[in-house]
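Please open the model in your viewer and keep a selection panel at hand. The stops below proceed from one residue or pair to the next.

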Amino acid sequence: MTDIESRPIDGGSIDYDLLRAGVEHANIPTLLLCLVQLGGDRQWLSEEFAPTRAAGIDNHDSGGLPEDVQAQIRKAAFETISEWLAGKPMAWPRPTNKELAELLSATMAEDIPGEYGDIIAASMELEDEEPLPSPPENRSAIIIGGGISGICAAVEMQKLGLEYKLFEKNEDFGGTWWENRYPGCGVDTPNLTYTFAFRSSDFTRYFPMRHEIRDYLHATAEEFDLYANAQFETTVEKAEWLEDGRCWEVSVTTKDGQREVHRADIVFSAVGILNTPQYPAIANLDSFAGPVLHTCRWPDDLSLKGKKVAVVGNGASAMQLVPAIADTVAELTIFARSKQWAAPFPQFQKDVPEGLRYLMRVVPLYRAWFEQRLTWTFNDRLLASLYRDPKWEAPERAVNAINDRHREFFTQYIKSELGDRQDLLPQLLPDYPPYAKRMLLDNGWFRTMTKDNVRLIADRLESVDGNRLIAASGEEAEADILVFATGYKATEVLGSYDVVGRGGVLLRDYWDGDDAAAFLGTLVPGFPNFFILVGPHTGSGHGGSMIRNIENQVHYSTQIIGSLFARNAGAVEVRTDVYDDYRDEVDAAHETLIWTHPGTTNWYRNSKGRIVSITPWRNDDFWRMTRSPDPAHLNFFFEAGDKA
């Protein structure tokens, strides 16, 4: 029995009033899918009940259908779900993968490729995988980092039965969700997609805030007993491959300043790319009279009430922070040398109704299909519209006709948000195509710019003189507190510690500084038994949950480890020609996409202009690439030093 067929243990304990309330709040297209699978009546796929296409990223809960038709669907859905909860078998438990794609396509009212059904089936746990062999005795792993990728790797190592040790520099699990505590901090990915596949969540908001995500990660670590193998407040300084011992030696510094050396056969680097804060160079910064902080280093005891606050930057963290503090501070100045596109955010800070949360708990099929809708909407729907059309006549404003329509839509949105402050439009309307930089979700940014106590300086902060802040243009402002919302050194992959591979080669040198690459974002030749999570080209520039790509990487890595054990080999690494070919393939794919559009800059690109951080692939493509390692891509090394 798959998860979507699982009923509550005690069917008699169902709260039907709460269930009815959930159905009344439910997404109509998702209810149609439940009616078809639970009840088996395909009339619900007829033209009479066909939803319209959703606009933007809205959940489109009505399906665009008349209220009387919606009421008919909700009534039938409640009856069908109640019958299933009472014991009636699911009528159509296993559509083919192609049929899964067709079902989603029908209720999304858009063309979804048939092959996309493969990832739907996997996400809904409709297909089983062969178990991996048990690891030999005395084999072990080290996991560097206790954020999402470290937790994911640790859980999989436990499932595999491999002894491991996890080192985390902070005081607890959580990674970026432990470090970032600034007001307004939350996720811009839908709740159902921002959970591990192996452990569901019950977030109270459609887009959870930081504290809920942190609590979810801590609860996951507790449930899987990860604390027993974790060492906190421990900074990894170096990981070095020892050829004679066929193992990694990892040097760490503990919270009391002691140096320790640990050895393991396998290393997972789970430090991520949003790890090292980025600070701009500003003259005389030391002279600033008040607190200076980065958003990822927000003090718990910082009071902003009645203060003059300056924020440098206008990326994702600023777009969350600025609207959250604008009504608390006396004056708020934003230094923003660039402009940002931001999409309407209809679910911003909206709670999930209690009945709807209950429906998702007791009817896994509803939850699974709603997640698939969110996944397509936020992950892969957009990518096809981001290819550069070489025949497009206005590359300064868009990369193709669809992108130009997006520009018109977002422009009108910004104008509507500014109301009678259209004088701000030149400072806020971007002069590059939408999506050339990461598309943000509008947390009230544009409306905040119209507030009387808010001032936007459309230039970089150049220098500081006491509490005076001077922009490159010469424009000045005063502040009591200075906040850098300037992101991270995202292209300096694994920049927080030294990694030394075969022959004493430093990974940083192998990559020539910030010019990182990895096969499937995971493997680098000359660095055996070393698996990079959230490595180069694994971020999703076209949207979606990073957790899914992390899970793909961990799955791929675990499959390779299983092959290592099955062959009784000592080490495994990717072939150099395979690595080089993949790098070339990724670079060529990126050259056709919007992120390499001439005249634009973004945090995806390194100092050479090459895209390092994000993937050019659709989610299901990357999922397919990471299902089963091709032995021809790998070199296995045995005790005698031979490779095969």
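Select Leu 494 and display its surroundings. Setting aside neighbours within four places in sequence, Leu 494 is in contact with Ser 269, Val 271, Val 499, Leu 507, Arg 508, Trp 511, Phe 530 and Ile 532, where contact means heavy atoms within 4.5 Å. The model is a predicted one: local features require pLDDT of at least 70, side-chain atom pairs count only at pLDDT 80 or more, and totals for chains, interfaces and linings use all residues. Residues are numbered from 1 along each chain as its sequence is written, and side-chain values use heavy atoms, with hydrogens and water left out.

Now widen the selection to the nonpolar core. Such a core is a set of buried Ala, Val, Leu, Ile, Met, Phe, Trp, Tyr and Cys residues joined through side-chain atoms within 4.5 Å; buried means under 20% relative accessible area, exposed over 50%, and partly exposed in between (1.4 Å probe, protein chains only). The largest core holds 194 residues, of which Ile 73, Leu 332, Tyr 366, Leu 494 and Phe 530 touch the most other members. Another core, of 14 residues, lies apart from it, with Phe 288, Val 312, Leu 461 and Val 464 among its members. In soluble globular proteins, nonpolar side chains tend to be buried together.

Move next to Ala 342, which is found in strand E11 (residues 342–343); helices (H or I, at least four residues) and strands (E, at least two) are DSSP runs, numbered from the N terminus. Ala 342 has a relative accessible area of 0% and is therefore buried. Beyond four places in sequence, its contacts are Met 319, Phe 410, Tyr 413, Met 439, Leu 440, Leu 441, Asp 442 and Phe 446. For a distance across the model, pick the C-alpha atoms of Ala 342 and Gln 559: they are separated by 39 Å, with the two positions 217 residues apart along the chain.

Select Thr 220 in helix H8 (residues 210–223). Its relative accessible area is 0%, so Thr 220 counts as buried. A polar atom of the Thr 220 side chain lies 2.8 Å from the backbone oxygen of Tyr 216. Residues up to four places away not counted, Thr 220 touches Ile 151, Phe 196, Phe 198 and Arg 199.

Which residues does Asp 172 touch? Select Asp 172 in the loop between strand E2 (163–167) and helix H7 (176–179). Excluding residues up to four places away in sequence, Asp 172 touches Trp 178, His 218, Tyr 227 and Phe 232. The side chains of Asp 172 and Tyr 227 make a polar contact at 2.8 Å; the term denotes a pair of N or O atoms within 3.5 Å, where within protein one must be able to donate a hydrogen and the other to accept it, and residues adjacent in sequence count only if both atoms are side-chain atoms. Asp 172 is buried yet has no salt bridge, and the nearest side chain of opposite charge, Arg 214, is 7.8 Å away. For charge, Lys and Arg count as positive and Asp and Glu as negative, while His and the chain ends are not counted.

Turn to the salt bridges, each a side-chain nitrogen of Lys or Arg within 4 Å of a carboxyl oxygen of Asp or Glu. The count comes to 49. Select Asp 515 and Arg 610, whose side chains form one such bridge at 2.8 Å, N to O. This pair links distant parts of the chain, 95 residues apart: Asp 515 is in the loop between helix H15 (507–510) and strand E19 (530–532), and Arg 610 in the loop between helix H17 (576–591) and helix H18 (619–625). Both Asp 515 and Arg 610 are buried.

Continue to helix H18, where Arg 624 and Asp 620 lie four residues apart, about one turn of the helix. Their side chains meet in a salt bridge of 3.5 Å, N to O. Arg 624 is partly exposed at 29% relative accessibility, whereas Asp 620 is buried at 0%. Extend the selection to the salt-bridge network that links Glu 115, Asp 118, Arg 618, Asp 620, Asp 621 and Arg 624.

Finish at His 555 in helix H16 (residues 546–566). With a relative accessible area of 14%, His 555 is buried. Apart from neighbours within four places in sequence, His 555 is in contact with Glu 129, Thr 626 and Arg 627. His 555 and Arg 627 are 72 residues apart in sequence and 7.2 Å apart in space, C-alpha to C-alpha.
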